[in-house]
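The following exercises are meant to be worked with the coordinates open, and each task is followed by a solution that proceeds step by step.

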Amino acid sequence: MPAIFHYISQHARGERLPPAEMAASLVLVLLIAVTVRAVLFRSSLAEIIAERVEVVSPLNGWKRVVEGLALLDLGVSPYSGDVFHETPLMIYLFHFVIDYSEIVFMIADAITAVALYLAVQDYNKIVYRKQKYTLEAGRYPLDVAELLRTPKEMMYIPIKVAVFYLLNPFTVLSCVAKSTCGLNNAVTALFILCTIKGSALLSAIFLALATYQSLYPFTLFAPALLYQLQRLYIPISVHSPRFWIFTSQYGSMYLGSLVVITCLSFFLLSSWDFVTSVYGFILSVPDLTPNIGLFWYFFAEMFEHFRPFFICVFQINVVFYTIPLSVKLKEHPIFLMFMQIAVISIFKSYPTVGDISLYMAFLPLWHHLYRFLRNIFLVSIVLIACSVLFPVLWHLWIYAGSANSNFYYAITLAFNVGQILLVSDYFYAYLRREHHLIHGLYLKKKDGTEETLILK
Amino acid sequence: MASFVGVQFTFCFRIIVILFFLHFYRTSLSAHEIETQASHFFRSGHTNNWAVLVCTSRFWFNYRHVANTLSVYRSVKRLGIPDSHIVLMLADDMACNHRNPKPATVFSHKNMELNVYGDDVEVDYRGYEVTVENFLRVLTGRLPASTPRSKRLLSDDRSNILIYMTGHGGNGFLKFQDSEEITNVELADAFEQMWQKRRYNELLFIIDTCQGASMYERFYSPNIMALASSQVGEDSLSHQPDLAIGVHLMDRYTFYLLEFLEDIHPASQSNMNDLFKVCPKSQCVSTPGHRTDLFQRNPNSVLITDFFGSVRKVEITMSTMKLNPNNTERTEIDVNEEMVTTLQHYVDQLPVAEIIHQKPKQKDWHPPDGFILGLWTLIILIFFQTYGIKHLKHVF
């Protein structure tokens, strides 16, 4: 790939890349990604991947979409019988494009990548500008020069984000399996793009769409709100009237569009079945097919009279971290958004690897935190090893019969612990960098010896 | 002379007439005897016999329950019920238990006098198959289609069924396998199901457990007679231990029942009142009870062999019998007029022709127009809201 080498040599010489070449490299990455996916679509691996439980869940399997549309053609509501759990807008979309489904999913991946690319480009500009103002105002201590970010290192972040999303094996698997998680990711990425661009209406509409699709993104309301407030220089305090005005505006746009979309979906099939089939299904977790999440094993062995209690506990666990994290990270809403997406992917009721690939695409944004990460080697080994062990232990459990569900759940647990460690490691590194930016890089106690920082 | 001959003639004539009448009287008397004997054929109303013998306890120290059931099995087989009509359920294997000092035997009398296991025992439900569910399914006939005939109670409305249950029980329940119970209400409902499905003609229910009388308290279906070894609040006691085997061999009630049945042979005329007298309090320590209020015949007209044996009613006679035809008139149906000539056909359930010929999928469903209109209006509105109305100029 001569273009990439060209860019690296330019980087070495310290020149800025013209935007046209950045766009060209994006197109190149898109082409590579599309090729990879097309090759896999045409091979025999497509059916094998489409049945893997790590990639496909009862909520977003392609088989179920086809089944639902077939039921609709036979004149029966697709929500009858617990097979189809997509929203009516999905029915509308796929009714017309079902013959071109592969292209649709590749376009969805491309849209996600381009949206993230543009969003990160804008975000980098904002971050750099803020840093410049803080530097000119002299508010940084003197020894943090090596912590500051330069345009050189920030230049390649958007393309790296696009590469991280498109060429991530998880994303490729999810696209080849034609899991509608790819479409959910596209809507979330568009929401992030609109938020960073500053358009409150579009951001509210895409957030409403994302919530309508899979219910959990409503927790992304907080980081989006914080970002918009920060962008409009509205102080984030409960005493400021502008804060309340904007919050109510944004909130009403969001809720209004959610209501409009829901009512519009009613008119598609003239029934409210989809509410219980989609949201009731997500919330009450009746289907206990194994997946890479935490719900299935727990609820498989749960006594019936404890079930509502534990469902509430598990679902609250997803949304519980929003408010504390928002309080801590109110100056850094995009990092909050990253953490929130990660928390949703880990703790949602039917996660798949497609959800993971969305927050992993954000990791190049924080590559300047590398020096503060403590467990990154361990975490990456855990994640890779568990990803490899998933199909192995599934085979041992289901086909060979020499393992049982405990083995598979152990790997699920280890995988989720690895993800949580990854997110918390980045959280620690981020906060540590912010602390150093305020208090200086080489911290000394009163008697002159080096201090150590602990995250409490 | 003529008068003497006349007197002789009239005398002979009278004797002939008397003899003639006597002859007729005798034949009519023997005919009447045969008629009464023939009427015995239709006294009890059943044509076949079944037995369901259930032992519900497991573990070695419950040897006596298995011995109880096997002794009743032995009697029932000896009196003529074949294995195909006996459903024997034993919850544990005592004959081949590791602790049995005489393997392949189950004794009912001490000093190993009587081996009730024998050579030709056929156990239909063994070990863990003896559950409340299986027992109720056998009684009601609701078994999966794959169940073999030997495990089914294939009785009909002319069957007399003997049901014998033994094990550990309490007030209103009988314990199965140390893990579940059957209640008297369930049992009564099962019998009612059997009655409604015409699965029995008459039913004799014998139970040998502690507080056994509580199990027949709730019966409400007709033609059931029930016996129990003890009243509510009393325990049924075991009879005697064998020091070589180390456990109690039989329960008292069944021990004396077995002794009673050993005297019964297929032609015996002992009736149920004798059975009620089996094992008085002096011998049994508990008070046996019985219930006959649901039974329609008088117990003293019910033979023991009506339930415990399978007696074929065969009476050999050299004389002819005349059977009275039924008094009801048969109505002659005019066959020609009432023959139904309309052709029957099945309703089409699936469009089979379409499925088989794999027509290409016609998308019959279309989204409603209102939906499409609403959706695209919203999208266009948002587009122009975001990008400003001035772009409309460029469009037009």
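A polar contact is a pair of N or O atoms within 3.5 Å, where, within protein, one atom must be able to donate a hydrogen and the other to accept it, and where residues adjacent in sequence count only if both atoms are side-chain atoms. The model is a predicted one, in which local features need pLDDT of at least 70 and side-chain atom pairs count only at pLDDT 80 or more, while totals for chains, interfaces and linings use all residues. Residues are numbered from 1 along each chain as its sequence is written, chains are lettered from A and ligands numbered from 1 in the order in which they are written, and side-chain values use heavy atoms, with hydrogens and water left out.

**Exercise 1. Describe the interface between chain B and chain A.**

Step 1. Begin with contact, which means heavy atoms within 4.5 Å; by this criterion, 17 residues of chain B meet 19 residues of chain A.

Step 2. Next take the buried area, that is, the accessible area (1.4 Å probe) that two parts lose on being put together, summed over both; between chain B and chain A it comes to about 1600 Å², with 75% given by carbon and sulfur atoms.

Step 3. Then count the polar terms: 1 residue pair is in polar contact between chain B and chain A, both residues at pLDDT 80 or more. By class, the side of chain B that touches chain A is made up of 9 nonpolar, 5 polar and 3 charged residues, where Ala, Val, Leu, Ile, Met, Phe, Trp, Tyr, Cys and Pro count as nonpolar, Asp, Glu, Lys and Arg as charged, and the others, Gly among them, as polar.

Step 4. Finally, look for salt bridges, each a side-chain nitrogen of Lys or Arg within 4 Å of a carboxyl oxygen of Asp or Glu; the count between chain B and chain A is 0.

**Exercise 2. Find the disulfide and describe its geometry.**

Step 1. With a disulfide taken as a pair of cysteine sulfur atoms within 2.5 Å, a search of the whole structure gives 1 over all chains.

Step 2. The partners are Cys279(B) and Cys284(B), whose sulfur atoms lie 1.6 Å apart, and the link between Cys279(B) and Cys284(B) is right-handed, with 100 degrees about the S-S bond.

Step 3. Both Cys279(B) and Cys284(B) are buried, where buried means under 20% relative accessible area, exposed over 50%, and partly exposed in between (1.4 Å probe, protein chains only).

**Exercise 3. Compare the settings of two non-glycine residues with positive phi in chain B.**

Step 1. Helices (H or I, at least four residues) and strands (E, at least two) are DSSP runs, numbered from the N terminus. Asp178(B), with a positive phi of about 65 degrees, sits in the loop between strand 6 (173-176) and strand 7 (180-183) of chain B.

Step 2. Gln211(B), with a positive phi of about 55 degrees, belongs to the loop between strand 8 (202-208) and strand 9 (224-228) of chain B.

Step 3. Asp178(B) is partly exposed because its relative accessible area is 47%, whereas Gln211(B) is classed as buried because its value is 18%.

**Exercise 4. Work out the surroundings of Asp83(B).**

Step 1. Asp83(B) is found in the loop between helix 2 (63-78) and strand 2 (86-90) of chain B, and it counts as buried because its relative accessible area is 18%.

Step 2. Leaving aside neighbours within four places in sequence, Asp83(B) is in contact with Tyr73(B), Lys77(B), Asp120(B) and Glu122(B); the side chains of Asp83(B) and Lys77(B) are joined by a polar contact of 2.8 Å.

**Exercise 5. Trace the packing around helix 8 and Arg37 in chain A.**

Step 1. Helix 8 (residues 157-166) of chain A is mostly covered, with 7 of its 10 residues buried, among them Tyr165(A) and Leu166(A).

Step 2. The elements covering these buried residues include helix 2 (19-42), helix 6 (101-136) and helix 9 (169-176) of chain A.

Step 3. Arg37(A), in helix 2 of chain A, is buried, since its relative accessible area is 1%. Not counting residues up to four places away in sequence, Arg37(A) touches residues including Asp109(A), Leu166(A) and Cys175(A), and Cys175(A) is itself buried, with a relative accessible area of 3%.
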